[in-house]
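Q: Got a minute to walk through this one with me? I'd like to start with the helices and then move on to the sheet.

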Amino acid sequence: LRDYNERDCRILHRAIAMFQDLLLDMGTELRSTVASTALGLFRSRYLRQNIETSAPLNDTLRASYIASRVEPFRPILSTRAYHYDYNSMFPDAMTRPVPGEYLGQSRSIPDDSTLYFADATVSVPDVFLPPLGARGKDGRIYFPTGTWRGLFAKPDLELLQRTGGCIETVHEVSLFHSFLDLADYATDLYRRRASAKAAGDSFLALF
């Protein structure tokens, strides 16, 4: 048992040392948790600028974030087709522009690539998959049809319009610069992992 425990500790120490060496090469260091280590790496290597944030504004905009759908859909195809499955949409979402520096308020939705959150009254038609989520008074999330007022992010309103819905009234819009540092972080690490897997380096792929 003593030999077993000694070997176990030596293996663990070696793994942690290798982990630390890789992090030092990338410009950061090992922290107490995986999450804090990942954040440290992002801030030291990929974050190009500080972004001033407002706690009250963050609290307000948080209402626009709705959890994703979890219903099981089972389509029946009459012909042959290719089938794809996303294991997780979160890495893909990390590669998209996200809100960065706050630019101010507006009474209209911009017609360029500026990111925004809009306080708007929307109309959702009676479709099989309503595009917008809403949180009910009981805290549960629904995907209703009809007309209601809420706070929506730019991608949600674009999806609304692509699926036949419309924006009835725009009440107020919060504008933001696009922020791509997180996209650089996600794509670079994904590329490194893919290269490690191709080379058969399981430790580096896990790292």
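A: Sure. One term before we start: contact here means heavy atoms within 4.5 Å. Also keep in mind that this is a predicted model.

Q: Fine. Which residues of α1 meet which ones in α2?
A: On the α1 side they are Leu23, Asp25 and Met26. Over in α2, they meet Thr37, Leu41, Arg45 and Tyr46.

Q: And what classes of residue make up that contact?
A: The contact of α1 with α2 has four nonpolar residues, two charged and one polar.

Q: At what angle do the axes of those two helices cross?
A: Roughly 25 degrees, with the axes of α1 (residues 2-26) and α2 (residues 34-46) coming within 10 Å. Angles under 35 degrees count as roughly parallel, so α1 and α2 are roughly parallel to each other.

Q: OK, switching to the sheet. What's the strand order?
A: β1-β6-β2-β5, in an open sheet of four strands with antiparallel pairing. The edge strands are β1 (98-106) and β5, each pairing on one side only. From one strand to the next, the twist averages 25 degrees.

Q: How many bridges does β2 make with β6, and how many with β5?
A: Nine with β6, in the antiparallel sense. Eight join β2 to β5, and those two also run antiparallel.

Q: Give me some residue pairs, then. What stands opposite Leu115?
A: Phe176 in β6. Towards β5, Ala120 stands opposite Gly150, and Thr121 has Arg149 as its bridge partner.

Q: Is β2 mostly covered or mostly open?
A: Mostly covered: nine of its ten residues are buried.

Q: Which element gives the largest share of the largest nonpolar core?
A: That's β2 again, with five residues. The core has 13 residues, and Val122, Leu132, Trp148 and Leu157 touch the most other members. The elements giving two or more residues to this core are β2 (115-124), β5 (146-153), α5 (154-162) and β6 (166-179).

Q: Let's zoom in on Leu157. What is Leu157 in contact with, leaving aside neighbours within four places in sequence?
A: Leu157 is in contact with Ile109, Tyr116, Ala118, Val122, Phe152 and Ile167.

Q: What other core lies apart from that one?
A: There's another core, of six residues, and among them are Met26, Phe42, Phe179 and Tyr185. You've met Met26 already: Met26 is one of the α1 residues that meet α2.

Key. Residues numbered from 1 in each chain as written. Predicted model: local features only at pLDDT ≥ 70, side-chain atom pairs only at ≥ 80, totals over all residues. Heavy atoms only, no water. Axes fitted to C-alpha atoms, helices over the stretch in contact; angles between N-to-C directions. Parallel < 35°, antiparallel > 145°, perpendicular 65-115°, else oblique. Nonpolar A, V, L, I, M, F, W, Y, C, P; charged D, E, K, R; others polar. Core = buried A, V, L, I, M, F, W, Y, C linked by side-chain atoms within 4.5 Å. Buried < 20%, exposed > 50% of the residue type's maximum accessible area, 1.4 Å probe, protein only. Pairing = 2+ DSSP bridges.
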